[in-house]
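Good morning, and thank you for the time. I should like to take you through the sheet of this protein, and then through two residues that belong to its elements.

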Amino acid sequence: IKSSKHAQQQYKNNNIMALESTMICLDNSEWMRNGDYVPSRLDAQQDAATMISNDRTNSNPESTVGILSMAGQGVDLLVSPTEDQGKILSAFAHIAIGGRSDLATALQIAQLALKHRKNKNGGQRILSFVGGPVSDTKEALTKIGKLLKKNNVAIDIISFGEIEENNEKLSALVEATCSNDNSHLLTVPCGISPINAILSSPIMSMGGGGMSAAMGASGSSMAGGAAAAGGENFDMYGGIDPSMDPELAMAIRVSTEEARAKEEARVKAAQDQSASEQPSASSSSSSSSSSAVVAPFGGYGASDEEDEEALMQRALEMSMAEMMHDQAAEGAKAAASSSSVTADSDFDVDEELRQALAMSVNAEKGISSSSAAAPASSSSSSSSFIDPAFVSQLLGSVDQNDPLFQAALAQLQAGSQPKNNEEEKKKEEDVGERGKKRKGDDK
């Protein structure tokens, strides 16, 4: 019971310390058009201010936030300190860029707005963004700082853009206002997001409120991780603010840890496999030569030392050998076919020559018989020409019993007889003339 009462009292004290009214002063001067902070100085400033206002109102339901602009036609109080987040967010849409910022006047108006707030409980704080050159003097800012300290108003200055030019003046302002380390000066270099810089600064945990204090009061295991992640830009949560979306942040963290565990298991398995392969390296190298000789190409017993290029070379050699074998077989077939064709042609030529020789022999026989006796020669020549053996040899496979063949043969015999008679008459005339010449020579 005592422990529960102590926890309730501690929780009540944390809530009382977390109760705070904050005035956010935004710099909307012409220098806010620059793009050295993504997407621009004004947009980066508004994103950071939105995050701070949400943190303040979520840390305690009674905490209030007000908004004012420092440039333009003059300092403009957009929203008085209120708990309504809708009014706070809508105020950012009415900020227009123009003119120069008036930091001294803005701080005085912010102090008056905090003085006339509805809920007088809790602390008072002014959070000012300074991105353009400060036109006020160092003495004037120091005087305002002392006035704020007298009225128990803390101040946080977020300097970006013109850092070197404003550093001396802003440092003097913070030193004059600081009491028990309740005021801070945060400089954000070019290229760094103001949100990340603010998350890793004490601005988010001042007064016992803020994200880190709220999560510390909850006592959850994720609180320590969130506080540590604040300095690391929430890397373990994938850049997600756990106070804005705890479920999404925790899901991202769990998935990240699972991926890391899988990667470590894979690396360990690879190391174990490499360690097991090292003892068998010597035995495999000794048996590589014999296995390379005995095992066929492409088999399971192929040498382990053969690389891919050697295997490709052997494959090319085997394919070329197969191509040469196929070409040789095709050449042999072509040679055999050509030799058979040549033999057939030579056989035909020899047959023709044999027939021609037979005809010439028969013709010589006819001439020799005709020189002995003219009538006998004519009959023998006609008989040799009409000889059935000679005709059958000359005609070959022609059917001699064919009526057309018989008619042609009869016509040939009929035409040869008048020629023979004419030749006999000519020979008789020649013999008569030769006899007359001889008689004249004798006379």
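Before any residue partners are named, one term: two strands are said to pair if DSSP finds at least two bridges between them. Please also bear in mind that what you see is a predicted model.

With that term in place, consider isoleucine 157, whose bridge partner in E6 is leucine 185. Strand E5, residues 153-160, pairs with E6 in the parallel sense, over 5 bridges.

Let me now place these strands in the whole sheet. The sheet is open and consists of 6 strands, in the order E3-E2-E1-E4-E5-E6, with mixed pairing. Which strands stand at the edges? They are E3 (76-82) and E6 (184-188); each has a single partner strand, so one side of each is left without a neighbour in the sheet. From one strand to the next, the twist averages 15°.

Helix H6, residues 163-177, packs on this sheet and touches E4 (123-130), E5 and E6. The direction of H6 makes about 170° with that of E5.

I turn next to strand E4. How many of its residues are buried? The count is 7 of 8, and E4 is thus mostly covered. On one hand, E4 pairs with strand E1, residues 20-26, in the parallel sense over 6 bridges; here methionine 23 stands opposite isoleucine 126 of E4. On the other, E4 runs parallel to E5, and 7 bridges join the two; valine 130 stands opposite serine 159 in E5. Together with helix H5, residues 138-150, strands E4 and E5 make a right-handed β-α-β unit.

The first residue I wish to discuss is valine 174, which lies in helix H6. Is valine 174 buried or exposed? Its relative accessibility is 8%, and buried means under 20%, so valine 174 counts as buried. Leaving out residues up to four places away in sequence, valine 174 touches Ile157, Ser183, His184 and Leu185. Valine 174 and histidine 184 are 10 residues apart along the chain, and their C-alpha atoms are separated by 6.4 Å.

The second residue is threonine 82, found in edge strand E3. Threonine 82 is also buried, at a relative accessible area of 12%. Beyond its neighbours within four places in sequence, threonine 82 is in contact with Ser63, Thr64, Val65, Lys87 and Ile88. Between threonine 82 and lysine 118, 36 residues apart in sequence, the C-alpha to C-alpha distance is 8.7 Å.

Thank you for your attention.

Methods: Residues numbered from 1 in each chain as written. Predicted model: local features only at pLDDT ≥ 70, side-chain atom pairs only at ≥ 80, totals over all residues. Heavy atoms only, no water. Helix = DSSP H or I, 4+ residues; strand = E, 2+ residues; numbered from the N terminus. Axes fitted to C-alpha atoms, helices over the stretch in contact; angles between N-to-C directions. Contact = heavy atoms within 4.5 Å. Buried < 20%, exposed > 50% of the residue type's maximum accessible area, 1.4 Å probe, protein only. Right-handed = clockwise from strand over helix to strand, strands pointing away.
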